[in-house]
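Let's take a friendly walk through the aromatic side chains of this model. Have the structure open as you read on.

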Amino acid sequence: MSTKSELSLTESLSKTSIGSVDSESSATSAQSAPSSTTSASSDKKDDGKENREGLGKLLTKVLGADVTTITIPVSFCEPISFLMKLAEAIQYNDLLDKAAQCEDSLERLMYVSVFACSVWISTERQAKPFNPLLGETYEYLRPQNSNYKFFAEQVSHHPPIGACVAENDHWKFWQTQSLKTRFAGNSLECQGTGSSNVLLKKTGEHFKWDPVKTIIHNLIVGKIWIDNFGEINVNCKTTGEKAKIKMKECGWFSKNWRELEGDILDKEGKVGMHIFGKYNESIFVAQGEDSKDAKKDDKNARKKKFKDLKSSQHNETVWTHTAKSLPANKIPSKYANDFTEYTMDLIRLDDNMKAILPPGDSRFRSDRLALEKGDTKTASNEKNALEERQREARKKREKDGTTWVPKYFKLKKDEDGQDFYEYQGGYWEEREGRLKAAGQL
């Protein structure tokens, strides 16, 4: 069987948006939303009662089945693609700069672990990003941050997989990310697959971790709210040190919502630091004898220790969520609700960028651009057209006996035998050529 790599704008736009809904979940009845919900998106969704009822009718037809082919109405989307979302998730990468500057290995692990927790703030918005077209790419640069650059490519359609790589002078981050979902009446359970990795360039230390689970509650009936929970185990593959962090599941009356707690362990398994806080507010670290002497086998002792640590004078604020939602007069339309300045910079498309970006960049998507302006009719028509052309392109490949091959990433197995897509190079060299051609270099 032959292989084929397709990259031109016409071919890229021939690849359809990927439905990221799989099927099944938790409850069919409304579950009370936590009382501390602050996102303005919740109110926006409640106002769209008719749209939610339509979505309910659509999803209940495939209850308990694979719904990856279901087309979600654009009224439930936001003008950002999943590849852009990957870039937004790691916006607090200054934590990696701090890790790179530390002399102590446990402190480096601590900062990387807090970074791993901070990415979940990007899930607070309830609108759905556009699924990338096969072969779609996205770049983002912040040269003021030690020459920071980010690049992502949609490398697979079934299953939908996005691969990205980001780096600056001090560290490198790479990730292969896909999403499996299960729908069960009124909730959507989402489980990311694929690992996240960090390499600190000065020490050569490699850190790796997997994502936790997300449940979107009251998707059809009630006030929508999102819960991220599970274990984040950040392993330093180089030193054998690890972090074990529990993101707590929300209980009754908002108990534990968005809270996290965990330990930074040396290679012998002894507690060196204790971190705790909320991933949407601040994360703290406690160190010294109080942390090192924590009794891991005694639950009551652990609860008391956690309570004592929160009031201890030894606590240090490691990270605070500072990116706040912009007011209505600072966003292009209501579909950019809860966008921050950082998010707006991710979707920015000025004349200089138009001259150098490849035609398959996420910023150029016609459905995304229309929704950014609030034109849902055009966005819907464009989205449907893209999906249909991608279906036709897939049928043609099947007929011709060809297989899609990503241009910039290659499927490999890591040291743990886990599949991942490794960046092969070439994109930034091509970008330099486009800069020269546009007279910007």
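The count comes to 16 aromatic pairs, where rings of Phe, Tyr and Trp (its six-membered ring) pair if their centres lie within 6.5 Å, with planes under 30 degrees apart called stacked, over 60 edge-to-face and the rest tilted. One such pair is Phe115 with Trp209, edge-to-face at 6.2 Å centre to centre and 85 degrees between the planes. Phe115 belongs to helix H6 (residues 105-118) and Trp209 to strand S10 (residues 206-209), so this pair links distant parts of the chain, 94 residues apart. Here helices (H or I, at least four residues) and strands (E, at least two) are DSSP runs, numbered from the N terminus.

Phe115 is buried at 1% relative accessibility, and Trp209 is buried too, at 5%; buried means under 20% relative accessible area, exposed over 50%, and partly exposed in between (1.4 Å probe, protein chains only). This is a predicted model, in which local features need pLDDT of at least 70 and side-chain atom pairs count only at pLDDT 80 or more, while totals for chains, interfaces and linings use all residues. Residues are numbered from 1 along each chain as its sequence is written, and side-chain values use heavy atoms, leaving out hydrogens and water.

Next, look at Tyr148 and Trp171: their ring centres are 5.9 Å apart with planes at 50 degrees, so the pair is tilted. Because Tyr148 lies in strand S5 (residues 148-156) and Trp171 in strand S7 (residues 171-183), the pair ties together parts 23 residues apart in sequence. Both Tyr148 and Trp171 are buried.

Elsewhere, Phe151, Tyr408, Phe409, Tyr423, Tyr427 and Trp428 form one aromatic cluster.
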